[in-house]
Amino acid sequence: MAFTFKNETRGYRILTEEGVKAIHEATMKLMGEYGVRIFGSEAKEIYEKAGCSVDWQTNMVRFPRELVEWAIEVTPGRFTMCGRDPKDDFVLGDGQVSFTSFGTGLQMYELETGEIRDTNKKDLEDFARFCDAIPEINAFTTAVAAQDVPGPLKDFHEAEAIFKSTTKHAILDAENGHNARVIIEMGEAIAGGKEALRERPFFTLCMCPNSPLEIHDGASQVIIETAKAGLPISILSMGLAGGTTPATLSGTCVVTNAEILAGIVLTQLVHEGNPVIYGSSTTVMDMRRATSPVGAPEHGMFGAMVAQLGEYYDIVTKVGGT
């Protein structure tokens, strides 16, 4: 006997269709009336030229609704995450779930000695090789920090460690525009030139807004440099409900949505149609310990909400695991 289910919904969903629209409407109101604090002169100039209201004293930028919705519309809903080897290519936005490593750990447990120690560059290389050998992992995100190298050079050492240890798509960090530009130049050298890298970008640069409602100078520079190069960018908000964002899930979702959309607007103003990953690793604050428990149930709930928003906007999403 065959059974037919009407209005079948697959997957774990927190929001109703009306709830998704309510989050969007509240976000438009927040961005239009209150705004997002944006640091970096070049970024503010770009926003102002596009019709945003910019207060240069407070760094608050208020966004016209039509500009935000234009940026959502022109952001691709599907694109290929290229590996250095085409066998590692995979598509985002085709309805399938892809997997990457979590990042960025600062300590690790030594199996041989039982010691808990700070991570180093060799650890990062080892993790990259480990993930390279696992077919179920589609891309490699900087898993641990190279803390044994000079701080100002850390981004470059981490990029080098990953580039030489895996051919899978890499999701990398950059502290500022200069570092982003150098990493892009490293990628161009590996790919065989600017156009070759733009044709098959084998890495994504990630930036994180500062909750609540702030994009710092380094982050805005990373967006600009990455978009100029035509490379994918992951805009990953890490709000902390009850700490840096409202205590309610819906309130936090509105705040982090505004942060991410502000970054998407800047990306598309620099390079219309640039690939963007709408990212979130948002969780709740442990009020007793003042920590961010990644394994909390709310972390998974936020991930489901973000996936629904990405579906609504037709923008690919990335969420932290639990």
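Helices, of at least four residues, and strands, of at least two, are taken as DSSP runs and numbered from the N terminus. In the predicted model, Ser211 lies in the loop that links β10 (203-207) to β11 (214-215). Ser211 has a relative accessibility of 17% and therefore counts as buried, the cut-off being under 20%. Its side chain forms a polar contact with the side chain of Glu259, at 2.9 Å. Leaving aside residues up to four places away in sequence, Ser211 touches Ser237, Met238, Gly239, Thr244, Thr245, Thr256 and Glu259. Glu259 thus appears both among the residues touched by Ser211 and as its partner in the side-chain polar contact.

The chain that holds this loop comprises ten helices and 16 strands. Its radius of gyration is 20 Å, which agrees with the value near 20 Å expected for a compact globule of 322 residues. Along the principal axes, the C-alpha atoms occupy a box of roughly 60 × 50 × 45 Å. Of the contacts with a separation of 6 or more, 70% join residues 24 or more positions apart.

With regard to burial and surface, 50% of the 322 residues are buried. The accessible surface of the chain amounts to about 15,400 Å², and carbon and sulfur atoms contribute 53% of this area. The chain carries 28 positive and 44 negative charges, and the mean positions of the two sets are 2 Å apart.

Methods:
Residues numbered from 1 in each chain as written. Predicted model: local features only at pLDDT ≥ 70, side-chain atom pairs only at ≥ 80, totals over all residues. Heavy atoms only, no water. Rg over C-alpha atoms; globule rule 2.2 N^0.38 Å. Buried < 20%, exposed > 50% of the residue type's maximum accessible area, 1.4 Å probe, protein only. Contact = heavy atoms within 4.5 Å. Areas by Shrake-Rupley, 256 points an atom, 1.4 Å probe, with all protein chains shown as cover. Lys, Arg positive; Asp, Glu negative; His and termini not counted. Charge placed at Lys NZ, Arg CZ, Asp CG, Glu CD. Polar contact = N/O pair within 3.5 Å; in protein donor to acceptor, adjacent residues only side chain to side chain.
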